[in-house]
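Q: I am new to this structure and would welcome a close look at a single part of it. Please set that part beside other features of the model.

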Amino acid sequence: MLDLEFMRLAFGAGIVVGLLAPAVGFFLVQRRLSLVGDGIGHVAFAGVALGYLLNLPLVLTALAVSVAGGLSIEWIRARRRTAGDQALALVFYTGIAGGVVLVSAAGALNVNLFQFLFGSILTVTRGDLAVIAALGACALVLVALLYRPLVAVVVDEEGARVAGLPVALLNSLTVALAAVTIALSMRIVGILLIAALMVLPVIAASRIAWSMRSTIVLGMGIGLGSVLTGITVAYYANLPPGATTVLVAAATVLIAETWSAVRG
Amino acid sequence: MPLALRLDDTSFSYGHGPPVLRDVDFEVDRGEFVAIAGPNGGGKTTLVRLVVRLEEPTSGRVEVFTRKIGYLPQRAQAGIDAPLTVRELVTAGRASRTRLFGPLAGADREAVRQSIDRVDLTPQADRRLATLSGGQQQRAFIAKALAAEPELLVLDEPTTGVDVEAQDAIAALLQRLRDELGMTVLYVSHEFGAVERFVERLVLVRGGIVFDGPPSALPGVWHDPSHTHA
């Protein structure tokens, strides 16, 4: 399997995605914003479509549009102009509808959009892997450096505000990191399924962990294991890798729930 | 005695609604232990949210003469799914005193340890918050507020949901902390009986300040019968 270059590229990208998605998703889950990843995923589709229209690298246009969409959700939510789920719905549907219109305008409705929506291990190029590795490493380093203030905000947002922490900036950074994760992950897991990889490993980890720090570390381990298992199973069973990865992650939630219930 | 805070002719409304607080004049000296009581909806939480600058007054002026504020919000609970230890909770309270980036410095770890020790939770420091009693959880949140080494400690309903004995223990703890650390303490509760014997000043809030003086000057009918030592 590893004799094939496309599999090596897929595993390389998968390692970055498997570690990064739960590390960023942890902060969304704790802020009860698990579905933000889904919303940004739909906006990423508009970014892919824009790339087709402007003939630009799709990862970069998806990245730019995802970050803009994520910051829009946070901006609307933070100003309480509308409820959080309504802000999400607004960006969610605008993203997917905008994507369809842009793809149509680019005359690209006949291209294989499935690879972006649900992921494909055949589509990762060396250039993609370089971008994914570089940006993924930067995002992971940022999460590690800002771990304490990010935790302070998720534990008690008002307390953090009173203490003088830059809460708005930290919240914006969290959704921007989510947007980067989604844009980097769309080749492997797909933009409709990546949100699951940000959430499910964290849920599984929280059932068996003994602290916040152990939750995030276990979540990253479960995410990595899910991606590597998902890609391997997908290769041998000729299944879509994104969906297979998400099913593996969902299975870890069931196992963790069962273990937690048995442990009492 | 220098002032810790001052509200000058302050009013507040949520949106275009009726005023929650009207024409409040309120001063607190440094080192005072003040209980703020009143009925639900009377505006006592709004008053302290103005003090900690989570709300801005509709009119008037709010001045707080320190930036070192520890705040325990109403119904404080870590609304998160991840298991959270006491030490992690208290470390989160230290965030304002540390550099933004990187791991916790040794002095900050020591400050966290001391805060946990001050509320007598050292044996539980690495236990999950969810496994502690209601009174212990509240003490953990007080330790979180202490971790920032505040000059002004604002506690909004810190004894809600805990039994009378735990309320008394928390009140005694706050008195001890005030004496040891010289902090100004604002203690908001609709059940002020637990702190009545400790505070110099009791402020009753009902749309404005309707009583401000020593608890001994409070008309007998307003005393809280649930705390017999008062």
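In which strand of chain B does Asp9(B) lie?

A: In this predicted model, Asp9(B) belongs to strand S1 of chain B, which comprises residues 3–13. Its phi is near 50 degrees, a positive value in a residue that is not glycine. Most residues other than glycine have a negative phi. Asp9(B) counts as exposed because it has 12 C-beta neighbours inside 10 Å, and the limit for that class is 12 or fewer.

Chain A offers another case. Asn238(A), likewise not a glycine, has a positive phi of about 55 degrees. Its setting is the loop between helix H11 (212–237) and helix H12 (241–263) of chain A. With 7 C-beta neighbours inside 10 Å, Asn238(A) counts as exposed.

From these exposed residues one may turn to the interior. The largest nonpolar core has 159 residues, and those with the most contacts inside it are Val24(A), Ala44(A) and Ile36(B). The greatest contribution to this core comes from H1(A), with 14 residues. In chain B, domain 1 (1–66 + 151–230) and domain 2 (84–150) both give residues to the core, so it lies between them. Beyond its neighbours within four places in sequence, Ala44(A) is in contact with several residues, among them Ala62(A), Val65(A), Ile182(A) and Met186(A). In soluble globular proteins, nonpolar side chains tend to be buried together.

How values were computed:
Residues are numbered from 1 along each chain as its sequence is written. Chains are lettered from A and ligands numbered from 1 in the order in which they are written. This is a predicted model: local features need pLDDT of at least 70, side-chain atom pairs count only at pLDDT 80 or more; totals for chains, interfaces and linings use all residues. A nonpolar core is a set of buried Ala, Val, Leu, Ile, Met, Phe, Trp, Tyr and Cys residues joined through C-beta atoms within 7 Å. A residue is buried if 20 or more other C-beta atoms lie within 10 Å of its own, exposed if 12 or fewer, and partly exposed in between; C-beta atoms are placed from the backbone. Helices (H or I, at least four residues) and strands (E, at least two) are DSSP runs, numbered from the N terminus. Domain bounds come from an automatic or database domain assignment. Two residues are in contact if their C-beta atoms, placed from the backbone, lie within 7 Å.
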